[in-house]
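Here are my notebook entries from a session with one model. I looked up empty space, a helix, a strand and a loop residue.

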Amino acid sequence: MNFELTKQGLYLGLGSCVRRCSNASGTLEQICADAPSSWRQLPAMGEIFSEEVEVGSRLITFETGKLARFAAGAVVLGIKETKVLSTVVSQQGCGDQDFLPLTVDYREKQYAQGKIPNTFMRREGAPKERELLCGRVIDRSIRPLFPKGFYDDVQVIANVLSSDGEQDPDVMAATAASAALTISDIPWDGPIGVVRVGRIDGKFVVNPDMDELSLSDLNLVYSCNRDKTLMIETQAREITNNDLIDALHLAHSEAIKLIEPQLKLAAKVQNQKKQFKLYTISDRTLEKIEGLARTSIETVFADPTYGKFERGKALNKISDDVKRILEEEGDEESLKVLPKAVDTVRKKAVRERIFEKGLRVDGRSLNEVRPLYCEAGTFPALHGSSIFSRGNTQDGRFCAP
């Protein structure tokens with residue numbers, strides 16, 4: 001027996017005939033198989049909107065309204081038979097956090113290529129390293145465009161629905177996430193475009209397929225809005241600076257082509273951005289705390305004798321001194337945002353020191369590298385061992401036959 005529910009009622013399939021149960025009267029009506037097949041129509045899916053654009057030599061499609069309709073925004077982005085669904089949701093934060101709790105997950109399940117996982121349990125495991133890295137590409141591209149002081153929980157999920165094995169879906173997922181945020185009610189200063197640029201035999205290729213990418217000596221992932229670069233990730237085999245600059249210019253000119261179709265899609269959906277509360281520090285409070293702490297912070301960074309931990313202890317002491325002054329004055333408003341305000345003053349002092357004096361936190365100039373040290377054969381009992389140090393940062397490598 002088969003069941004089907006439509007606007008006209010519930011249909012019960014019995015062999016070559018079907019019985020229709022009317023919602024209004026509850027009566028049964030038998031319809032034979034050779035009767036008109038309008039009862040087989042699926043329920044209305046609602047309005048489905050789509051846009052398309054050509055970037056490089058690839059036709060890219062955006063579609064929303066068919067899948068994940070409970071999400072604040074959901075967009076399926078496709079190139080040929082490769083489809084990626086990105087969804088975004090949010091909820092109001094608890095109010096006691098001073099950061100944006102943005103979660104980005106990117107998943108490539110084997111069903112997308114028509115395969116069954118070859119593990120013992122026939123189940124997908126934890127995200128693989130590639131999936132984590134792709135999630136970071138999306139995170140770094142979208143995070144800077146959320147309003148400063150917006151601390152609502154935001155979750156972005158990108159799932160590869162189908163893959164033809166030709167297109168790499170990672171940059172597709174980033175653009176789909178941008179489109180989902182753009183059409184949603186979540187405040188976000190997008191959209192953005194994300195493209196990949198390769199180079200084969202000296203010629204640049206925009207959004208190369210997997211075969212082309214294997215022949216390329218450049219793998220550049222670039223995200224931007226209309227006038228600003230947001231994220232660059234590059235792998236190359238001895239490419240010159242001028243060639244890399246040319247690749248960046250090409251990437252920007254192609255990536256901005258993805259912005260207009262997202263805006264058109266948002267205009268069709270007509271979602272209004274929701275009202276939200278910004279957790280910011282008032283100018284009066286910031287000026288007051290800066291007046292109390294700025295000179296002491298600059299003194300700490302100007303003293304070359306401070307190491308990493310000594311500098312941290314000195315900054316903590318400055319915060320305690322400012323806190324004691326504010327407690328004596330009974331300034332509850334400033335006490336609530338003291339850690340964030342002191343950190344803002346610290347960042348401002350460090351930034352001005354770098355741009356105005358050309359000095360880093362530890363007193364090095366901008367073109368000065370920390371002391372380097374390399375040692376091989378550190379542990380003779382092993383087949384091979386080495387230690388590399390740059391300043392106080394160390395890395396070890398050990399191998400056995």
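**Entry 1: the largest cavity**

How do the residues of the lining of the largest cavity divide into nonpolar, polar and charged? I found 4 nonpolar, 2 polar and 2 charged. I count Ala, Val, Leu, Ile, Met, Phe, Trp, Tyr, Cys and Pro as nonpolar, Asp, Glu, Lys and Arg as charged, and the others, Gly among them, as polar.

A note on the source before I go on: this is a predicted model, in which local features need pLDDT of at least 70 and side-chain atom pairs count only at pLDDT 80 or more, while totals for chains, interfaces and linings use all residues. Residues are numbered from 1 along each chain as its sequence is written, and side-chain values use heavy atoms, with hydrogens and water left out.

My search ran on a 1 Å grid over the protein atoms alone: a cavity is a set of points where a 1.4 Å probe fits but cannot get out, a pocket is an open set with protein on both sides within 12 Å along at least five of seven lines, and lining residues have an atom within 4 Å of a point. Grid points are joined across faces, edges and corners, and a volume is the space filled by probe spheres set on the points.

The largest cavity holds about 60 Å³ of space. I listed its lining as Ile79, Gln167, Asp168, Val171, Met172, Arg196, Asn207 and Pro208.

**Entry 2: the second largest cavity**

I counted 3 cavities of 30 Å³ or more by this rule. The second largest cavity comes to about 50 Å³. Its lining has 7 nonpolar and 2 polar residues, with no charged ones. Among the residues that line this cavity I noted Ile60, Leu77, Thr175, Val194 and Leu258. Helix 2 supplies the largest share of this lining, 3 residues; helices (H or I, at least four residues) and strands (E, at least two) are DSSP runs, numbered from the N terminus.

**Entry 3: the pockets**

Next I turned to the open spaces. The largest pocket has a volume of about 480 Å³. It is lined by 19 residues, and the closest to its centre are Lys148, Gly149, Tyr151, Lys340 and Thr344. Helix 6 (283–302) and helix 9 (338–357) are the elements that give two or more residues to this lining, and helix 9 gives the most, with 4 residues. By class I get 9 nonpolar, 3 polar and 7 charged residues for the largest pocket.

The second largest pocket has about 360 Å³ of space. Of its 13 lining residues, Lys308, Arg311, Asp362, Arg370 and Asn392 are the closest to its centre. Its lining has 3 nonpolar, 4 polar and 6 charged residues.

**Entry 4: the whole chain**

I then stepped back to the totals. The protein chain has 9 helices and 17 strands. Of its 401 residues, 38% are buried, meaning under 20% relative accessible area (exposed is over 50%, partly exposed in between; 1.4 Å probe, protein chains only).

**Entry 5: strand 11**

How many of the residues of strand 11 are buried? I found 8 of the 8, so strand 11 is largely enclosed by the rest of the structure. Gly193, Val195, Val197 and Arg199 are buried on one side, and Val194, Arg196, Gly198 and Ile200 on the other.

Strand 11 pairs with strand 13 (residues 218–224) in the antiparallel sense over 6 bridges; pairing takes at least two DSSP bridges between two strands. Gly193 has Cys224 as its bridge partner in strand 13. Strand 11 also runs antiparallel to strand 12 (residues 203–206), joined by 4 bridges, with Val197 opposite Val206. Strand 11 and strand 12 form a hairpin with 2 residues between them, and Asp201 in the turn has a positive phi of about 55°.

**Entry 6: helix 5**

In helix 5 (residues 259–269) I found Ile259, Pro261, Gln262, Leu265 and Ala266 buried. They cover an arc of only 165° around the axis, which puts them on the same side of helix 5; the arc is that of the directions from the helix axis to the C-beta atoms. These buried residues pack against several elements, including strand 11 (193–200) and helix 4 (241–255). Gln270, just after helix 5, takes a positive phi of about 60°.

**Entry 7: Arg226**

My last lookup was Arg226, in the loop between strand 13 and strand 14 (229–236). Arg226 is partly exposed, with a relative accessible area of 47%. Leaving aside neighbours within four places in sequence, Arg226 is in contact (heavy atoms within 4.5 Å) with His252, Ile256, Ile259, Glu260 and Leu263. Arg226 and Glu260 are 34 residues apart in sequence and 9.9 Å apart in space, C-alpha to C-alpha.
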